[in-house]
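Hi everyone, thanks for making time for this. I'd like us to walk through one structure together, so please have a look at it while I talk.

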Amino acid sequence: MFPSKMFALFVAVVALCVMYFQLSGLSEEELVKRVRGKRVIVTGASLGIGREIVKEYARLGAADIVLVARSEDKLNSLRDEVYASVSPQPQEVNETQAVPLSRIHVVPADLSSETACREALEGATRAMGEGGVDYLVLNHITSSQYGLWTGKMLVTECNVCCVRV
């Protein structure tokens, strides 16, 4: 794909994301209620959209955020940036809710093989401890033996974790 086509695709994806969140009608308070205290894994977290997703989950008060990408240095940099951007005191959302500080865990991994994916997921669940995962954001780019997603859900057994929705 040519760089100009890739840029156009990127702009289109960002525009669709912005439109979705603007049209979703969720207030800031409703977003905080949905995210606060939740446990999140974000793949492809070191750059671009993944990096911004991590910042947003932290801003909204996710309890645990696991950063997964190939570059450990970039993940550590993001963790430090997020910690530096929040005040030591919880930010007030309204009189009864306070957004807690997120615990951010770094799990460097190249997710190009099933084995590496399993190891990364095991590392993420070890880092967060018992309790499962509330949100799994698959933002990494890699080739896959499964091909492109066709819109049909494939359900497989997972012995590593239990995902709560």
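In the protein chain, take the contacts with a separation of 6 or more: 75% of them come from residues 24 or more positions apart. Please keep in mind that this is a predicted model.

Here is the overall inventory. The protein chain has 5 helices and 6 strands, and along the sequence they follow the pattern α-α-β-α-β-α-β-β-β-α-β. There are 165 residues, and 30% of them count as buried. The exposed area of the protein chain is about 11200 Å², with 59% supplied by carbon and sulfur atoms.

Now find the sheet. In what order do its strands lie? This open sheet of 4 strands runs 5-2-1-6, and the pairing is parallel. Strand 5, residues 103-108, and strand 6, residues 135-137, are at the edges, and each has a single partner strand, so one side of each has no neighbour in the sheet. From one strand to the next, the twist averages 15°.

A quick reminder for anyone new to this: strands of a sheet pair through backbone hydrogen bonds, in either a parallel or an antiparallel way.

Let's zoom in on one pair. Strand 1, residues 39-43, runs parallel to strand 6, and 3 bridges join the two. If you want a spot to look at, Ile41 stands opposite Leu136 in strand 6.

What packs on this sheet? Helix 3 does, and it touches strand 1, strand 2 (64-69) and strand 6. The direction of helix 3 makes about 170° with that of strand 1.

Let's stay with helix 3 for a moment. It covers residues 48-60, which is 13 residues, and spans 19 Å from its first C-alpha to its last, close to the expected 18 Å. Which of its residues are buried? They are Gly50, Arg51, Val54, Tyr57, Ala58 and Leu60. Just after helix 3 comes Gly61, with a positive phi of about 95°.

Helix 3 also meets helix 2, residues 28-35: their axes come within 9 Å and cross at roughly 95°. Helix 2 and helix 3 are therefore roughly perpendicular to each other. Where they meet, Glu28, Leu31, Val32 and Val35 come from helix 2, while Tyr57, Arg59 and Leu60 come from helix 3. You have heard two of those names already: Tyr57 and Leu60 are among the buried residues of helix 3.

That's my tour, and I'm happy to take questions.

Note on methods
Residues are numbered from 1 along each chain as its sequence is written. This is a predicted model: local features need pLDDT of at least 70, side-chain atom pairs count only at pLDDT 80 or more; totals for chains, interfaces and linings use all residues. Side-chain values use heavy atoms; hydrogens and water are left out. The expected span of a helix is 1.5 Å times one less than its number of residues. Buried means under 20% relative accessible area, exposed over 50%, partly exposed in between (1.4 Å probe, protein chains only). Two strands pair if DSSP finds at least two bridges between them. Axes are lines fitted to C-alpha atoms, for helices over the stretch in contact, and angles run from 0 to 180 degrees between N-to-C directions. Contact means heavy atoms within 4.5 Å. Accessible areas come from the Shrake-Rupley method with a 1.4 Å probe; for residues, only the protein chains shown count as cover. Angles under 35 degrees count as roughly parallel, over 145 as roughly antiparallel, 65 to 115 as roughly perpendicular and the rest as oblique.
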